[in-house]
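Here is a walk through one protein chain. Keep the coordinates open as you read.

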Amino acid sequence: MTATGTPTFLGVVAEAALAVPGVAGLQPRLAHCLAAAAAPTRTDTAPHRMPPEAGVRADRAPDGSGWRIEVRCVLAEGYRALDTAQNVHDRVRTAFSSHLATHGAAEPVTVAITVTRIAARPATA
């Protein structure tokens, strides 16, 4: 797999994670936040939104033994964090492995889920 295929992989992972009930969003990694802050000032007034893929990291294992995926999740209040993180892990691993297989590259996949925060429910009026 080449680096040019990585954004597609990140999208597959982000989509799988966001489909899990209880996932409110994906938290961008520090590198993405710093890059956005260092970008030239925007002239329009629309707020800048990070793509969901910014909360995902996909790298080849240093020894070439497969892939390492990290997903940084923001969970919704009212869901059990452990169960939600396990569901994200399972869906991401399945989706990424399936995506690799469709490209003829069935390889081991290690997935790490980090819960960065619990998002409070919006107040009702």
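Which residues have the most contacts inside the largest nonpolar core? They are L26, I69, V71, V88, V92 and F96, in a core of 23 residues. Several elements build this core: α1, β1, β2, β3, α3 and β4 each supply at least two residues. Helix α1 gives the largest share, six residues.

A word on confidence comes next. This is a predicted model. The protein chain has a mean pLDDT of 81. Of its residues, 74% reach 70 or more. Confidence is highest in strand β3, at 95. It is lowest in helix α2, residues 30–38, where the mean is 50. Where pLDDT is low, the predicted coordinates should not be read in detail.

Now follow the strands. Strand β3 spans residues 67–76 and pairs with strand β1, residues 23–26. The two run antiparallel and share three bridges. Within β1, G25 stands opposite V74 of β3. Strand β2 also joins β3, again in the antiparallel sense, through five bridges. Here D59 faces R68 in β3. Six residues lie between the strands of the β2 and β3 hairpin. In that hairpin G64 takes a positive phi near 75°.

Strand β4 pairs with β3 in another sense: these two run parallel, joined by 10 bridges. L75 stands opposite I118 in β4. To get from β3 to β4, the chain passes through α3, and this β-α-β crossover is right-handed.

In a regular strand the side chains alternate between the two faces of the sheet. Keep that in mind when you inspect the side chains along each strand.

Turn to the aromatic rings. How many aromatic pairs does a search of the whole structure find? The search finds three. In one of them, the ring centres of F9 and W67 lie 5.5 Å apart. Their planes meet at 25°, so this pair counts as stacked. The contact ties distant parts of the chain together: F9 sits in helix α1, residues 6–18, and W67 in strand β3, with their positions 58 residues apart in numbering. Both F9 and W67 are buried. Ring pairs also bring in F96, so that F9, W67 and F96 form a cluster. F96 appeared earlier, among the residues with the most contacts inside the largest nonpolar core.

The charged side chains come last. Side chains of opposite charge can pair when their charged atoms come close. A search of the whole structure finds three salt bridges.

Take D59 again, the residue opposite R68. D59 forms a salt bridge with R57, and the closest N and O atoms are 2.5 Å apart. Are these two side chains buried or exposed, or something in between? D59 counts as partly exposed because its relative accessibility is 30%. R57 is also partly exposed, at 38%.

The salt bridge of R60 and E107 has an N to O distance of 2.9 Å. This pair links distant parts of the chain, 47 residues apart. R60 belongs to strand β2, residues 56–60. E107 lies in the loop between α3, residues 81–102, and β4, residues 109–119. R60 has 34% relative accessibility, so it counts as partly exposed. E107 falls in that class too, at 23%.

R80 and D83 make up another salt bridge, at 3.0 Å from N to O. What relative accessible area does R80 have? The value is 54%, so R80 is exposed. Its partner D83 is partly exposed, at 40% relative accessibility.

To recap, start from β3. Strand β3 pairs antiparallel with β1 and with β2, and parallel with β4. W67 of β3 stacks on F9. Confidence is highest in this strand.

Methods: Residues numbered from 1 in each chain as written. Predicted model: local features only at pLDDT ≥ 70, side-chain atom pairs only at ≥ 80, totals over all residues. Heavy atoms only, no water. Salt bridge = Lys/Arg side-chain N within 4 Å of Asp/Glu carboxyl O. Buried < 20%, exposed > 50% of the residue type's maximum accessible area, 1.4 Å probe, protein only. Helix = DSSP H or I, 4+ residues; strand = E, 2+ residues; numbered from the N terminus. Pairing = 2+ DSSP bridges. Right-handed = clockwise from strand over helix to strand, strands pointing away. pLDDT = per-residue confidence, 0-100. Phe/Tyr/Trp six-rings, centres within 6.5 Å; stacked < 30°, edge-to-face > 60°. Core = buried A, V, L, I, M, F, W, Y, C linked by side-chain atoms within 4.5 Å.
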